[in-house]
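User: I am new to this structure. Please take a close look at one part, the salt bridges, and show me how they connect to the rest.

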Amino acid sequence: PASITKIMTLYLTFEALEKGRLQLDQQLPVSANAATVPWGLPLRPGMTITVEEAILGLITKSANNAATVIAETMAGSETAFAQIMTVRARRLGMNSTTFRNASGLPDPRQITTARDFTVMARAMLRDHAKYYPLFATRGFTFRGNFYHNHNRLLDQFEGLDGIKTGFVNASGYNLVASAERGGRRLIGVVMGGNSAASR
């Protein structure tokens with residue numbers, strides 16, 4: 001699934017916010033492990049990041065290290081969090097999905113289908129309508145650096161308001177997109193695209 005994995009990470013984060021287990025302004029500690037995760041925000045061991053900053057880092061920059069920070073905060077380790085992700089996926093009807101990490105970094109045991117991520121998108125829209133508008137964030141500033149959302153369709157497609165792009169060599173270019181026009185919403189999932197443009 002590559003970084004569309006983060007939709008499930010965010011689903012569980014929004015759930016924790018709604019149940020009061022997390023707060024948007026809560027400071028999350030950055031572990032030495034999280035700081036070494038490639039591709040993300042400029043995080044160092046011992047610093048903190050708010051839940052809101054982590055969410056926006058996932059949505060815009062697709063920050064892998066922020067996903068690890070969330071996973072470690074919520075479950076103690078990323079492995080334990082991935083098990084929670086997989087259990088929740090099954091409960092949602094994502095019967096062909098197994099998660100091994102919170103970010104989508106390559107793991108041959110982390111698998112899914114386009115159908116399953118259509119189920120994931122519908123669950124996000126249904127269960128977390130309060131937080132769903134965050135997926136339309138065009139960019140955000142963190143520690144003086146501005147990060148533009150990787151989902152460039154937000155600027156190009158009328159009515160598009162999310163959700164997430166993803167890429168690793170093993171998967172190709174992935175996209176879970178959702179748009180609304182005239183009171184009708186469509187969800188589209190592309191997996192294995194040959195380029196960012198083709199997806």
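Analyst: Start at R126. R126 is exposed, and its relative accessible area is 55%. The cut-off for that word is over 50%, so R126 passes it. This is a predicted model, so every value here is computed from predicted coordinates.

R126 has a charged partner. D127 makes a salt bridge with R126. Their closest N and O atoms lie 2.8 Å apart. How open is D127? D127 has 27% relative accessibility and counts as partly exposed. Partly exposed covers the range between the 20% and 50% limits, which is why D127 gets that label. So this bridge joins an exposed arginine to a partly exposed aspartate.

The whole structure holds eight salt bridges. Another of them ties R115 to D116. Here the closest N and O atoms are 3.2 Å apart. Are the two partners buried or exposed? R115 is exposed at 53% relative accessible area. D116 is buried, with 2% relative accessibility. Buried means under 20%, so D116 falls within that limit. This bridge therefore runs from an exposed residue to a buried one.

D116 leads inward. Leave aside the neighbours of M94 within four places in sequence, and D116 is among the contacts of M94. With those neighbours still set aside, M94 also touches M8, A89, F99, F117, V119 and M120.

M94 belongs to the largest nonpolar core, which has 51 residues. Within that core, M8, L41, I49 and M94 have the most contacts. Which elements build it, giving two or more residues each? The helices are α1 (6-18), α2 (32-35), α3 (51-61), α4 (64-75), α5 (78-92) and α6 (114-127). The strand is β3 (139-142). The top contributor is α1, which supplies eight residues. A second core, of five residues, lies apart from this one. L154, L175, A177 and A179 are among its members. There is a general pattern behind such groups: in soluble globular proteins, nonpolar side chains tend to be buried together.

Back to the charges. R138 forms a salt bridge with D155. The closest N and O atoms are 3.0 Å apart. This pair links distant parts of the chain, with their positions 17 residues apart in the numbering. R138 sits in the loop between α6 and β3. D155 sits in the loop between β4 (145-148) and β5 (160-168). R138 is partly exposed at 39% relative accessible area. D155 is partly exposed too, at 47%. There is also a network: D161, E180 and R185 are joined by salt bridges that share partners.

Between the loops of R138 and D155 come two strands worth a look. β3 and β4 pair in the antiparallel sense, over four bridges. They form a hairpin, with two residues between the strands. F140 stands opposite Y147 in β4. β3 has two faces. F140 and F142 make the covered one. G139 and T141 make the uncovered one.

The turn of the hairpin has its own feature. R143 lies in the loop between β3 and β4. Its phi is near 50°, a positive value in a residue other than glycine. R143 has 45% relative accessibility and counts as partly exposed.

Where else does the backbone show a positive phi in a residue other than glycine? A2 is such a residue, with phi near 55°. A2 belongs to the segment before α1. A2 is buried, at 2% relative accessibility.

β5 brings another backbone detail. The peptide bond from G162 to I163 is cis, with omega near 15°. I163 is in strand β5.

One last stop is T50, in strand β2 (residues 48-50). T50 is buried, with a relative accessible area of 13%. That value is under the 20% limit, so T50 earns the label. Setting aside its neighbours within four places in sequence, T50 contacts L24, D25, Q26 and Q27.

Definitions and conventions:
Residues numbered from 1 in each chain as written. Predicted model: local features only at pLDDT ≥ 70, side-chain atom pairs only at ≥ 80, totals over all residues. Heavy atoms only, no water. Core = buried A, V, L, I, M, F, W, Y, C linked by side-chain atoms within 4.5 Å. Buried < 20%, exposed > 50% of the residue type's maximum accessible area, 1.4 Å probe, protein only. Contact = heavy atoms within 4.5 Å. Salt bridge = Lys/Arg side-chain N within 4 Å of Asp/Glu carboxyl O. Pairing = 2+ DSSP bridges.
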